[in-house]
Amino acid sequence: MKTLTYIVVCLGMLMSTALASDVVAERKANFKANAGAMRAMGGQMARDDFAGIGAGANAIASWAAKMTSYFPEGSESIGARNEIWSDFETFTALAQKNQDAALAIAMAADAKDKAAIQQAIQTLSGTCKSCHSRFKD
């Protein structure tokens, strides 16, 4: 019976580790997609591709809305500081600011207001930097 209990506990630990590595891989992919969307906005601005800017901004906002769920306890990884979990309230507030900034880009893109888009991109970039300086190695 003790052997069976030991096996069940070990399997549970292995499954937990596998799930944590899956969530880490997914969150890294989403952050890379965000960076790509932000890089693309420069060229989209030059081409007056407001639809592309809006689509990228909405994708960033969508990720920001669910970002914190990709940081469950036990999903620590290289690049993510432990402060994420010890100060999750601040991390969540910064994710919300990121989402708000991305939505501001989308609204400015809908209005085809290049000045507002540029300002909102700077705000979005600032939200990324504020979170990275606090929570990313």
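A pocket, as the word is used in this tour, is an open set of grid points where a 1.4 Å probe fits, with protein on both sides within 12 Å along at least five of seven lines. The model on your screen is a predicted one, and its largest pocket, with a volume of about 580 Å³, is the place to begin.

**The largest pocket.** Select Arg27, Phe31, Lys32, His132 and Lys136, which are the residues nearest the centre of this pocket among the 25 that line it. Now colour helix 1, helix 4 and helix 5, since these are the elements that each give two or more residues to the lining; helix 1 gives the most, with seven residues. If you then colour the lining by class, you will find 14 nonpolar, seven polar and four charged residues.

**Gly79.** Next, move to the loop between helix 2 (50-66) and helix 3 (83-86), where Gly79 is placed. Show what surrounds this glycine: apart from neighbours within four places in sequence, Gly79 is in contact with Phe135, Lys136 and Asp137, and Lys136 is one of the residues you selected at the pocket centre. A distance drawn from the C-alpha atom of Gly79 to that of Lys28, which is 51 residues away along the chain, should read 10.0 Å. Is Gly79 buried or exposed? Neither word fits, because its relative accessible area is 22%, whereas buried means under 20% and exposed over 50%; Gly79 is therefore partly exposed.

**The nonpolar cores.** Select Met41, Ile53, Ile60, Ile105, Ile117 and Leu124, the residues with the most contacts inside the largest nonpolar core, which has 18 residues. Helix 1 (2-46), helix 2, helix 4 (88-110) and helix 5 (114-135) each give two or more residues to this core, and helix 4 gives the most, with six. Centre the view on Met41, which, leaving aside neighbours within four places in sequence, is in contact with Ile53, Gly56, Ala57, Ile60, Ile105 and Ile121. A second core, separate from this one and made of 15 residues, includes Ala64, Tyr70, Trp85 and Phe135.

**Helix 4.** Finally, isolate helix 4 and show its buried residues, among them Phe91, Leu94, Asn98, Gln99, Ile105 and Ala109. How far apart are the end C-alpha atoms of this helix? They are 33 Å apart, which agrees with the 33 Å that its 23 residues should span at 1.5 Å a residue. Just beyond, stop at Lys112, which follows helix 4 and has a positive phi, near 55°.

Terms used
Residues numbered from 1 in each chain as written. Predicted model: local features only at pLDDT ≥ 70, side-chain atom pairs only at ≥ 80, totals over all residues. Heavy atoms only, no water. Helix = DSSP H or I, 4+ residues; strand = E, 2+ residues; numbered from the N terminus. Buried < 20%, exposed > 50% of the residue type's maximum accessible area, 1.4 Å probe, protein only. Contact = heavy atoms within 4.5 Å. Core = buried A, V, L, I, M, F, W, Y, C linked by side-chain atoms within 4.5 Å. 1 Å grid on protein atoms, 1.4 Å probe; cavity = no way out; pocket = protein on both sides within 12 Å on 5 of 7 lines; lining within 4 Å. Points joined across faces, edges and corners; volume = space filled by probe spheres on them. Nonpolar A, V, L, I, M, F, W, Y, C, P; charged D, E, K, R; others polar. Expected span 1.5 Å × (residues − 1).
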